[in-house]
Amino acid sequence: MSSDDRVDRRMAVLSSLESVMLLGYADLPWKGAGSFEREKIFLTSLSDGLGLEREVITDNLVDRMETLRNYDGGVTYPHSINVAMITAGFGSYLNEQGISHYDIGNLFTGGLQHDIGKLYIPQGILSKSGKLDVEEREIMANHTAYGGLILRADSGVPVPVVEMAENHHPGDGENIIAYHNRISDATRLLSLVDQYVAGREERSYKDSWPEWKCEKMLGESVSKGTIDPTILSFLPSYRKEKGMPVLHASYS
Ligand SMILES: [Fe+2]
Ligand SMILES: [Fe+2]
């Protein structure tokens, strides 16, 4: 496939994501009979748009995403789609620039499942409108370990994808620079995108931040030594050239 074809395919999937947004996410037939097939078509069309092999979308992955959508379709599910699309899209762009060799299938499926452990977090904590208290934060922090348990139970999940779920947040009290030194390049990229996307998304306790505010937040992380300045320096040109729509969704 030529690089022009790859760009066209990525633009197609990004515009399909924008169409999902325009259609109104809440109106799509996400729930009820036949939703498994709907889910598979949706996830396959996203991966097709990124030029990924069809095998990237497995039945087990679709099952897990459908379960996540039914459990927390208002926040964690669209967040996971956003992280998957932007991590895979941005990673692919960085590969094209010749500065990295990411496996885009792992970035996409790792993004989809990085927060899968939230299936074990009580819904009252996931949907709380105010700040979490200390105990709730401790419970929430377990979603990385739970994610590892869920994904390790499926022998078809590549180890780098498990690693993204387990390590996308620093450990409790862990030195932030030591954290960034021990994680994989793929997890480091995903964790950058995770922060960016969380800023862009609307939450019950915050509005969607503008692009400049998200980039400022990441720039501050560069000064703390926690984000690779080279990777971050490509983010504005990637956004300008390819667009980075963020799916907003909420329904109950
Ligand atoms: Fe997370
Ligand atoms: Fe996340």
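**Helices crossing helices: a walk through the model**

Start with helix 5 (residues 104-113) and helix 9 (residues 159-167), whose axes lie 9 Å apart and make an angle of about 35 degrees. This is a predicted model, so keep that in mind as we go. The crossing of helix 5 with helix 9 is right-handed. On the helix 5 side, the touching residues are Asn106, Thr109, Gly110 and Gln113, and helix 9 answers with Pro160, Val161, Met164 and Ala165. Sort those residues by class and you get 4 nonpolar, 4 polar and no charged ones.

Helix 9 has another partner to look at. Its axis comes within 9 Å of the axis of helix 11 (residues 185-200), and the two cross at roughly 45 degrees. That angle makes helix 9 oblique to helix 11. What is the hand of the crossing between helix 9 and helix 11? It is right-handed. Here Pro160, Glu163, Met164 and Asn167 of helix 9 meet Ala186, Thr187 and Leu190 of helix 11. The class count for this contact is 4 nonpolar, 2 polar and 1 charged residues. If you're following along on screen, look for Pro160 and Met164: they take part in the contact with helix 5, and they turn up again in the contact with helix 11.

Now step back to helix 5 and look at a residue that reaches it from a loop. Val56 sits between helix 2 (35-49) and helix 3 (59-72). Is Val56 buried or exposed? It counts as buried, because 21 C-beta neighbours fall inside 10 Å and the cut-off for that label is 20 or more. Leaving out its neighbours within four places in sequence, Val56 touches Ser47, Gly105, Phe108 and Thr109. Thr109 is a residue you've met already, in the contact of helix 5 with helix 9. There's also a long-range pairing to check: Val56 and Val157 are 101 residues apart in sequence, yet their C-alpha atoms are 9.8 Å apart.

For a contrast, try Leu149, which belongs to helix 8 (residues 143-152). Leu149 has 15 other C-beta atoms within 10 Å, so it is classed as partly exposed. Its C-alpha atom is 10.0 Å from that of Ile116, a residue 33 places away along the chain.

Another helix pair is worth a look. Helix 4 (residues 76-96) and helix 13 (residues 229-242) have axes that come within 10 Å and cross at roughly 110 degrees. Helix 4 is therefore roughly perpendicular to helix 13. Gly89, Phe90, Tyr93 and Leu94 form the helix 4 side of the contact, while Ile231, Phe234, Tyr238 and Lys242 form the helix 13 side. By class that comes to 6 nonpolar, 1 polar and 1 charged residues.

Helix 12 (residues 211-223) gives you a quick sanity check on geometry. At 1.5 Å a residue, its 13 residues should span 18 Å, and the end C-alpha atoms are 19 Å apart, which agrees. After helix 12 comes Gly225, with a positive phi near 85 degrees.

Finally, the whole chain. How many helices and strands does the protein have? The tally is 13 helices and 0 strands. Of its 252 residues, 35% count as buried. Among contacts between residues at least 6 apart in sequence, 70% join residues at least 24 apart.

Methods: Residues numbered from 1 in each chain as written. Chains lettered and ligands numbered in written order. Predicted model: local features only at pLDDT ≥ 70, side-chain atom pairs only at ≥ 80, totals over all residues. Axes fitted to C-alpha atoms, helices over the stretch in contact; angles between N-to-C directions. Helix = DSSP H or I, 4+ residues; strand = E, 2+ residues; numbered from the N terminus. Parallel < 35°, antiparallel > 145°, perpendicular 65-115°, else oblique. Contact = placed C-beta atoms within 7 Å. Nonpolar A, V, L, I, M, F, W, Y, C, P; charged D, E, K, R; others polar. Expected span 1.5 Å × (residues − 1). Buried ≥ 20, exposed ≤ 12 C-beta atoms within 10 Å, placed from the backbone. Left-handed = near helix turned anticlockwise from the far one by under 90°.
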